[in-house]
Amino acid sequence: MSSIREIVTRQFIGKGKGKTALKHLTSLNTLKHVFMVNPTSQVLNCDSKYLWLTKSVLLEGMPQVYDKQLAEATVKRLSSYLHKSILHTKQYQIDPKQRSKAEFFAQGLLQDILRIFWSINPLDQHPYMTKASLAYRPSVAAYWTRSNEIFQIEDHPTYVLRCKYPLGKFADPIKEEIKPTSYLPVGDLGLFKRQIHLMNFPGYKIGNPLPYIHTQIIIDRKSCTREQRIARGIMSAFAQLISHAMHKDRTLGQALEHPLCCQTILTDGQQFTFMCYQLNTLNTNATWKGLVNMAWTSDSMNLFYDHSEEDMTINEECLQHIAQFLNNKPVPFKNVKKSVASSEAAV
């Protein structure tokens with residue numbers, strides 16, 4: 001008797017190419033055996049495995065789209081206010097080194113950073129702030145195909161900042177060939193299969209006037225190494241963007257005429273990692289050379305050192321990254337140019 005994988009593969013190949021085959025593979029009216037993907041992972045080389053799973057490439061450095069002069073002006077004012085905020089939190093004996101209180105410390109710190117930034121920046125310079133929303137732990141669900149297998153993810157980022165317009169692209173889309181891997185997802189990634197109806201939910205309801213993600217902030221104390229933090233950021237941003245694209249009537253197997261972008265901040269309350277992700281294509285099933293999704297990440301850095309009244313110092317490099325992310329203005333649709341030719345829009 002043929003295995004489920006052989007049947008699905010034979011159906012996929014036999015039904016033709018492109019949209020028709022993917023539509024048959026991911027039809028929503030039947031139960032599917034899918035791999036459930038955890039946003040966090042502690043397996044070896046989980047960053048490279050999640051890059052393969054999302055058909056992404058990790059590029060060096062950060063995108064060259066940020067206004068450093070504007071960020072430097074914001075950092076000076078942020079630093080003095082933030083110093084007082086951390087000391088005030090410390091007086092209430094919320095110690096970030098105590099695991100039971102670490103998340104409370106991180107949440108209070110992040111809320112203070114956002115309040116301070118909104119209060120010291122004039123709205124005429126940042127008009128998008130007047131039409132933005134901040135969601136707390138929204139539910140995000142997405143599914144996609146890779147190497148003729150179906151994958152499903154459910155995620156709950158801590159904070160998600162949404163706007164009326166999308167962020168501008170970080171870079172021009174690129175084409176690469178991501179070589180097939182020799183490992184099986186169920187083995188190396190610790191995934192398991194469930195029989196479910198496929199789910200796609202971008203974290204907001206139909207008709208929301210602020211649907212585009214600007215920045216997501218994730219409090220993550222499970223990811224201990226750099227590769228684990230990279231894997232967490234890539235998978236969470238990928239889930240956000242692919243669920244949004246499919247919510248806007250895009251289908252698997254298509255390239256996006258306008259890439260979707262997301263900024264991600266991962267933190268445990270003291271150490272911060274900044275990531276950018278650009279979704280260029282929904283054709284994740286293909287293994288040949290073609291459009292790939294793109295990710296960037298900074299080095300991990302502490303926001304402050306020795307949080308005591310006498311010798312606590314604020315890391316201005318970390319603050320500059322925060323200011324650059326929040327100062328990044330969305331781009332109205334009339335100013336957005338197509339990045340993919342119409343002939344390449346559907347694969």
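**Exercise 1. Helix 8**

What span should the 12 residues of helix 8 have at 1.5 Å a residue, and how far apart are its end C-alpha atoms?

Solution. The model is predicted: local features need pLDDT of at least 70, side-chain atom pairs count only at pLDDT 80 or more, and totals for chains, interfaces and linings use all residues. Residues are numbered from 1 along each chain as its sequence is written, and side-chain values use heavy atoms, with hydrogens and water left out.

Step 1. Helices are DSSP runs of H or I of at least four residues, strands are runs of E of at least two, and both are numbered from the N terminus. The expected span of a helix is 1.5 Å times one less than its number of residues.

Step 2. For the 12 residues of helix 8 the expected span is 16 Å, and the end C-alpha atoms are 16 Å apart, so the two values agree.

Step 3. Next comes burial. A residue is buried under 20% relative accessible area, exposed over 50% and partly exposed in between (1.4 Å probe, protein chains only). In helix 8, 10 of the 12 residues are buried; among them are Cys318, Ile322, Phe325 and Leu326.

Step 4. At the N-terminal end of helix 8, Asn315 acts as the cap, with a side-chain oxygen 3.1 Å from the backbone nitrogen of Glu317.

**Exercise 2. The cavities**

Describe the cavities of 30 Å³ or more and the residues that line them.

Solution. Step 1. On a 1 Å grid over the protein atoms alone, a cavity is a set of points where a 1.4 Å probe fits but cannot get out, and lining residues have an atom within 4 Å of a point. Grid points are joined across faces, edges and corners, and a volume is the space filled by probe spheres set on the points. This rule gives two cavities of 30 Å³ or more.

Step 2. The largest cavity has a volume of about 80 Å³. Its lining includes Arg162, Tyr212, Ile213, Gln240, Leu241, His244, Leu260 and Cys261. Strand 9, helix 7 (226-247) and strand 10 (255-267) are the elements that give two or more residues to this lining, and helix 7 gives the most, with three.

Step 3. Ala, Val, Leu, Ile, Met, Phe, Trp, Tyr, Cys and Pro count as nonpolar, Asp, Glu, Lys and Arg as charged, and the others, Gly among them, as polar. The lining of the largest cavity then divides into eight nonpolar residues, two polar and one charged.

Step 4. The second largest cavity has a volume of about 50 Å³. Leu110, Ile113, Leu114, Ile217, Ile265, Phe272, Ile322 and Leu326 line this cavity. Helix 5 (99-120) and helix 8 (316-327) each supply at least two residues of the lining, and helix 5 gives the most, with three. The division here is eight nonpolar, no polar and no charged.

**Exercise 3. Two polar side chains in strands**

Give the surroundings of Gln152 and of Thr215.

Solution. Step 1. Gln152 is in strand 5 (residues 149-155) and is buried, with a relative accessible area of 0%.

Step 2. The Gln152 side chain reaches two backbone oxygens, that of Ala142 at 3.0 Å and that of Met199 at 3.0 Å. Contact means heavy atoms within 4.5 Å. Setting aside neighbours within four places in sequence, the contacts of Gln152 include Val34, Phe35, Tyr143, Ile196 and Leu198.

Step 3. Thr215 is in strand 9 and is buried at 2% relative accessible area.

Step 4. A polar contact is a pair of N or O atoms within 3.5 Å; within protein, one must be able to donate a hydrogen and the other to accept it, and residues adjacent in sequence count only if both atoms are side-chain atoms. The Thr215 side chain makes such a contact with the side chain of His214 (2.8 Å) and another, of 2.8 Å, with the side chain of Gln263. Thr215 also touches Tyr159, Val160, Leu161, Ile265 and Phe325, residues up to four places away not being counted.

**Exercise 4. Loop residues**

Is Asn148 buried or exposed, and is Asp249 buried or exposed?

Solution. Step 1. Asn148 lies in the loop between strand 4 (140-146) and strand 5. Its phi is positive, about 65°, although Asn148 is not a glycine. At 18% relative accessibility, Asn148 is buried.

Step 2. Asp249 lies in the loop between helix 7 and strand 10. Asp249 has a positive phi of about 70° and is not a glycine. At 67% relative accessibility, Asp249 is exposed.

Terms used. 1 Å grid on protein atoms, 1.4 Å probe; cavity = no way out; pocket = protein on both sides within 12 Å on 5 of 7 lines; lining within 4 Å.
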